[in-house]
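This report covers a single chain, its helix packing and its surface. The sequence and structure come first.

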Amino acid sequence: MQPLVAVILVGVPLAWLVGFAAYAYVDAPNYGMNSRKWALISFVVPLFGFLAYVFERDEQEYDPETDPYAGGSDDRTGGFAVHESRQGEERLGPAGTEADDGDDDEWNDPDGVDL
């Protein structure tokens, strides 16, 4: 085997794995994560281990106060997130009919049946 081919087939992927592991090792303490564990995962599991680290790192800085889809947010109405451009529009019921704000629960009834 030619030395150049060996460097390309072995050295370049190995350098990428070492780079991923080094990045995870240096960056993990900034997010309160175990640097040795994530460096080892990034090195041993090619590419997927590093992507798992990146996604897990992003979950460490989740703030439900800024998430419009989190439960209990003031921006939510009836369990559905409504875009601000659609706020104040008349609500629609099933099949595009106008929603009735009364206490009757007829929208679950089949057609022609009044339960």
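V44 is a residue of helix α2. The model is predicted, and helix α2, which spans residues 35–44, has the highest mean pLDDT among the elements of the chain, at 95. At the other end, strand β1 (residues 76–77) has the lowest, with a mean of 47. Over the whole chain the average pLDDT is 77, and 62% of the residues score at least 70. Where pLDDT is low, the predicted coordinates should not be read in detail.

**Nonpolar patch**

V44 also belongs to a nonpolar surface patch of about 640 Å². The other residues that make up this patch are L14, V18, L40, F43, V45 and F48. Two elements, α1 (3–27) and α2, each give two or more residues to the patch. The largest share comes from α2, with 3 residues.

**Helix packing**

The axes of α2 and α3, the latter covering residues 48–60, come within 6 Å of each other and cross at roughly 140°. The two helices are therefore oblique to each other: an angle over 145 degrees would count as roughly antiparallel. The residues in contact between them are set out below.

| Helix | Residues | Contact residues |
|---|---|---|
| α2 | 35–44 | W38, I41, S42 |
| α3 | 48–60 | G49, F50, A52, Y53, E56 |

**Salt bridges**

How many salt bridges does the count come to? The count is 2. In one salt bridge, the side chains of R57 and D27 meet with an N to O distance of 2.7 Å. This pair links distant parts of the chain, with R57 in helix α3 and D27 in helix α1, 30 residues apart. Helix α3 thus appears in two settings: its contacts with α2 include Y53 and E56, while R57 pairs with D27 of helix α1.

Definitions and conventions. Residues numbered from 1 in each chain as written. Predicted model: local features only at pLDDT ≥ 70, side-chain atom pairs only at ≥ 80, totals over all residues. Heavy atoms only, no water. pLDDT = per-residue confidence, 0-100. Helix = DSSP H or I, 4+ residues; strand = E, 2+ residues; numbered from the N terminus. Patch = residues over 30% accessible without salt bridge, like charges linked within 9 Å, V, L, I, M, F, W, Y side chains within 5 Å. Areas by Shrake-Rupley, 256 points an atom, 1.4 Å probe, with all protein chains shown as cover. Salt bridge = Lys/Arg side-chain N within 4 Å of Asp/Glu carboxyl O. Axes fitted to C-alpha atoms, helices over the stretch in contact; angles between N-to-C directions. Parallel < 35°, antiparallel > 145°, perpendicular 65-115°, else oblique. Contact = heavy atoms within 4.5 Å.
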